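Student: Could you take a close look at a single helix and describe how its sides are used?

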Amino acid sequence: MELIRIKGVEKQYKNGVTAVYDLDLKIKKGDFIFVIGASGSGKSTLIKMLHREEKPSKGQIIIGGIDVAKLRNNKVYKLRRKLGIVFQDFKLLPKLNVFENVAFTLEIFGVPMSEIKEKTLKAIELVGLKNKAKQYPDKLSGGEQQRVAIARAIVNGPKLLLCDEPTGNLDHETSMEIMKVLEVINNLGTTIIMATHDRDIVNKMKKRVILLENGKLVKDYEKGSYDCNEGV
Amino acid sequence: MKVFRILGRNIRDAFRSVFRNFSLSIASISCITITLVVVSISVLSSYNVDNFTKLMKQDFTIVVFLDNKIDQKGITEIETEIEKIENVESYEYESKIDIASSMMATSDIFENIMKEWDETENPLQDTFLIKVKDTNYINQTANKIKQLEGVTLVKYGEGIVEQLLTVFNIVEKALVVVVLLLVFVTAFLITNTIKLTIFSRKKEIEIMRLVGSSNINIQLPFIIEGLFLGLLGAVIPTLIVIYGYTALYLNFDGRLFSPFIRLVHPEPFIYVVSLGLVSLGIIVGMMGSYAAVRKYLKI
């Protein structure tokens, strides 16, 4: 079943730079997709358009029935509540502990306290930080902080998880641990789209790979690897 | 239920946030405190000056001297005419005998001379003492009375009264302008301080947006926090108004420097001013937060 349909999408920034050209994509429910490409190839812009941080200049992006391009600024939260987002710089709130950071999303939605506790603990356990729930972000390693960010992104059970270079700040070993966590989440049914530079990860995971070059979709491999792409 | 749950959490979070961002909260609270203290002092003084000018105006009196030749009937006619004049608040008749006796009571010299007079020798004149409703029209009222038959002279301190009135009117208007300006400056200062403190919490707002907070969801805790800050900032100014002003009033026995300058009685004055200060603190705190957060939202 199709979760995302991208049709003729183009993104031109105000300064005149076109980051994405004429993009067409279909993404199935439960897919794990790597978006790869050199810096400035449009990976991040694509991720940003998927969570409506940026609005496409042309074309259509439909996620789970919502036309993202037509979504008004004050309605963006409706889309964001259906997906989880993980960033390279974690974006945790330093004054909240692990539990509070993860529970933050549910609290905003007005979920009852008992449910918050249950879901938050489940998410923290899933990312393997059960014994660090009371710690504050500055006491955690980079990998652990990213796990917290992932737990926060999935705590509401989203159908789609967007990751923008989630391993960009982490060493290889830690990156692989994060990928294991993401694979578990994917196996539970969540569609994952991940923009990355990391050659090893892509090669090892053997997932669908989308290669962007200068804002254009160049290749789309069903079970690809970084090495399929010469010149990247 | 959900609405109450969200509201309850927002109140809790706003309260926590005041303590979590303690130094920023202190910055905002002290800014609110200082500006509200200045506002409260200016309100207290301007209200007192205003009160003083009002009391002075109330003391303005028109004295109407009557012709000694007219009889009781003539006096009654003049009284009826005075009653008809719209600007007349109250009047009092004082016969020349009353005046003579009150003068005699004030000094022995007067008494020695005046007690010799008989009814026909008394050179004083019967008078009406008139208080007006609007002192700005005292001149016109005096002129009207002057034209009545049997009135020989009308005095109300011409010249000085007009000058005083002009000064008082300027002072009253200037005070309103000063207080309004101060309130405006306060609002501006507080809003900017809160804006600065919220600037440092840009990341928090960004994350709230990313995880799916609606705009109102993001603004609400900050607005409630602004309410707390305003409320806390108003505590010291309110105490100054309630205890400080009462102490001042009691210390000077309600009169400042001279018996003419009467202070406004503390009750209910101080409570009205305090209520005003608390409301101003809360409103400005909330507005400041609202304006500051709005800047970081995509609307």
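Tutor: What follows is a description of helix 3 of chain B, its span, its two sides and a charged pair within it. This is a predicted model, in which local features need pLDDT of at least 70 and side-chain atom pairs count only at pLDDT 80 or more, while totals for chains, interfaces and linings use all residues. Residues are numbered from 1 along each chain as its sequence is written, chains are lettered from A and ligands numbered from 1 in the order in which they are written, and side-chain values use heavy atoms, with hydrogens and water left out.

Helix 3 of chain B comprises residues 72–84, and its 13 residues reach 19 Å from first to last C-alpha, close to the 18 Å expected at 1.5 Å a residue (the expected span being 1.5 Å times one less than the number of residues; helices are DSSP runs of H or I with at least four residues, strands runs of E with at least two, numbered from the N terminus). Its buried residues are Gly74(B), Ile75(B), Ile78(B) and Ile82(B), where buried means under 20% relative accessible area, exposed over 50% and partly exposed in between, with a 1.4 Å probe and protein chains only. These residues lie on the same side of helix 3 of chain B because they cover an arc of only 100° around the axis, taken from the directions from the helix axis to the C-beta atoms. Their cover includes strands 1 (62–66), 2 (88–94), 3 (127–132) and 4 (151–155) of chain B, contact meaning heavy atoms within 4.5 Å.

The face turned away from that buried side carries the exposed residues Gln72(B), Lys73(B), Glu83(B) and Lys84(B). Lys84(B), with a relative accessible area of 61%, forms a salt bridge with Glu81(B), their closest N and O atoms being 3.4 Å apart (a side-chain nitrogen of Lys or Arg within 4 Å of a carboxyl oxygen of Asp or Glu). Glu81(B) is partly exposed at 34%, and the two residues are 3 apart in helix 3 of chain B, about one turn of the helix.
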